[in-house]
Amino acid sequence: MTARLGSLAAVLRAQGSRVGVGELLDAHRALAAIDCSSREDSRLALRTVLCSSRADLARFELAFAAVFGDGRPTGDGSPLDELGVIERTALPRVAIPGSASPLLAHEERMVVPAAWSDVELLREKDFAQYTDAEMALARELIARLARRGPMRVSRRTRPVRRRRGHMADLRRVVRASLRTGGEPVRRHWRAPSRRPRPVVLVCDVSGSMTPYARMLLQYLHASVAARRRVEAFAFGTRLTRITNELGGRDHDLALGRAAAAVADFSGGTRIGAALAELNRVHGRRVGRGAVVVVLSDGWDRGDPDLLETEMARLRRSAHRLVWLNPLAAHPDFEPLTRGMRAAVPHTDELLAGNSLASLEQLARILEEI
Amino acid sequence: MTFTQLRSVEAASTALATDGYLADRPLALAVHLAVVLEQPLLLEGEAGVGKTEVARALAACTGARLIRLQCHEGIDLHHAVYDWDYARQLLALRAAEHGVDEGELFSRRFLLRRPLLDALEHDGAVVLLIDEVDRADDEFEAFLLEFLSDFAVTIPELGTVTARHRPVVILTSNRTRELHDALKRRCLYHWIDYPAPEREREIVHARIPGMPEAIARRVVAAVGRLREHGDLYKLPGVGETLVWANALLALGDEGDLDETLGAALKVHEDVLRVRERKVLEGV
């Protein structure tokens, strides 16, 4: 049984679940606590112990079927069974080679702004005209911009010097008065602290956005890595949550994972349907005072009425709704596409999203929110 | 083990049912394991599927005391574990003529006990419900992680308080944000789904004695239609089913599903959409 549980854990890990030795021990204890002869009970018990999120449930069912077969525990079928005990134990710890070639990683480190003016020129340049070297150069700047974001007043308090409207810090007053013979001579005060406000970034990755999607996804990645309470989504014809995929420090790996997760990269656009899903499935992440930023050119093949309704709903549940449109950088830009016409009345801010300067503007606006 | 009623999965299921909570087998098993393994149980699920009710029913059927910690934004140690009664301390300081000894000032007399300390010090079985843990912030989650592994807290002025009886802990989360991995890994996990129609009818009967079968059937069918519709912002949970059934029962013969739609749907657009597309036609 130990070997079986080991391979179950291995399959789970291979799919991305976090199963450690602690969970394995728990699994043993759980099996000991129930009637093991019932296959169904064993499955439920293991599921309760080894899963820790809803996404884990599906992985578990796959892994359980792979390891314990479809009801007949004969043990063939799992490719892992062919491995010896030692290989199996070693399996999850085998390092997975990174997708980026070492050469590229080296090259990245080499790119250094030769002069400040390089960066200055880069600021206004359209993302669509970036060379690869410029993209690498911009990465650092984007990471810096991504650290800036909206804050909100928290109900947690922190000690402050006296200012009007703050509450007395009785804890410290009592402590201090012990030193003055029980007389509360020194007053202390507390005021609400500030915490990061949740941000939801929704990036259009359809065909028309291809020149910009790469840089904007970099911004998404940098935001997820730099700030807490950031959710990232990508959409073309349907919406995909890519927060987990974009996590982690390794930039290429993260973007690769995100691209793999998004089924409809460079395809058509149905913004309304994507926002509908955001409102329904992820409504709880959007509510509670989040700032929602939609990054899209507004070329919509879907139903404009749907887009209009969903934008209205989104604006009502979000704290602020910002739309970044790379086309808006053009001096003659007017929101005339069907999609933009439906969306613009419901946005708090419409910004360009085509250059570092426009991302800087976004960062500034987020900070002021 | 104090919770002897829950020695097997069937027993857990029966025990919960005595208090009107009809748990399906996976949930009964999760509760059974939480008790036997003495591990916290994290319950997730859509709003209104009865996450909080599990703890209530568990406490009621085992005779344990239910201690509830409702998490909220900004909750910290002093809301959750203990605080000092500063106002009384200041009064005591002023009243004493020759000054007060620090040890006396920070003694049990001036200690305000909050739910977690209560749970540790209660003499007897405790079901500790940590409700909506996703509303608390990361710092508090980190503290919970420590609390749930040691079942002990240290009050600097008084020393360490350790649990007399390890409480059965139920955490609920609404998934407004992802909980920290470490906390999740400390817990058993169960996702509560919407119940199947027959099960939901049984729940209606168990929770509202004297409910006519016709109304129960109608309401459950209607709620099922709404959940299937898939185009609504907020789907009705079991809680809404019960309210709706109660509303129809109260209205008697005049009860109409469409007129009482507000019992189940709380978003204006949803109500409009359901009426416009005649989702409830024929129920």
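Biologist: At roughly what angle do the axes of helix H3 of chain A and helix H2 of chain B cross?

Modeller: Good place to start, and keep in mind that this is a predicted model. Two packed helices are described by the angle between their axes and the distance between the axes. Here, H3 (residues 39-50) of chain A and H2 (residues 25-36) of chain B cross at roughly 60°, and their axes come within 10 Å. H3(A) and H2(B) are therefore oblique to each other. The crossing of H3(A) past H2(B) is right-handed.

Biologist: Which residues make that contact between H3(A) and H2(B)?

Modeller: From H3(A), look for Asp41(A), Leu44(A), Ala45(A) and Thr48(A); from H2(B), look for Arg25(B), Pro26(B), Leu29(B), Ala30(B) and Leu33(B). Sorted by class, the contact has six nonpolar, one polar and two charged residues.

Biologist: Let's widen the view. How many residues of chain B are in contact with chain A?

Modeller: The size of an interface is often given as the accessible area lost when the parts come together. For this pair we can count residues instead: 36 of chain B are in contact with 38 of chain A. On the chain B side, the elements giving two or more residues are H2, helix H5 (86-95), helix H9 (181-186) and strand E9 (188-192). H2(B) gives the most, with six residues. By class, the side of chain B that touches chain A has 17 nonpolar, six polar and 13 charged residues.

Biologist: Now for chain B by itself. Into which domains is chain B divided?

Modeller: Domain 1 of chain B covers 4-192, and domain 2 covers 197-276. Their C-alpha centres lie 33 Å apart. The contact between them takes eight residues from domain 1 of chain B and ten from domain 2 of chain B. The domain 1 side of that contact has three nonpolar, three polar and two charged residues.

Biologist: Can we practise on another helix pair? How do H10(B) and H11(B) cross, left-handed or right-handed?

Modeller: Their crossing is right-handed. The axes of H10 (residues 197-207) and H11 (residues 213-229) of chain B come within 9 Å and cross at roughly 130°. That makes H10(B) oblique to H11(B). Among the contact residues are Glu200(B) and Val204(B) of H10(B), and Arg217(B) and Val220(B) of H11(B). The contact has five nonpolar, two polar and three charged residues.

Biologist: What confidence values come with the prediction?

Modeller: Chain B has a mean pLDDT of 91, and 99% of its residues reach 70 or more. For the complex, the predictor gives an ipTM of 0.75 and a pTM of 0.77.

Key. Residues are numbered from 1 along each chain as its sequence is written. Chains are lettered from A and ligands numbered from 1 in the order in which they are written. This is a predicted model: local features need pLDDT of at least 70, side-chain atom pairs count only at pLDDT 80 or more; totals for chains, interfaces and linings use all residues. Domain bounds come from an automatic or database domain assignment. Two residues are in contact if their C-beta atoms, placed from the backbone, lie within 7 Å. Ala, Val, Leu, Ile, Met, Phe, Trp, Tyr, Cys and Pro count as nonpolar, Asp, Glu, Lys and Arg as charged, and the others, Gly among them, as polar. Axes are lines fitted to C-alpha atoms, for helices over the stretch in contact, and angles run from 0 to 180 degrees between N-to-C directions. Helices (H or I, at least four residues) and strands (E, at least two) are DSSP runs, numbered from the N terminus. Angles under 35 degrees count as roughly parallel, over 145 as roughly antiparallel, 65 to 115 as roughly perpendicular and the rest as oblique. A crossing is left-handed if the near helix is turned anticlockwise from the far one by less than a right angle, and right-handed if clockwise. pLDDT is the predictor's confidence in each residue, from 0 to 100.
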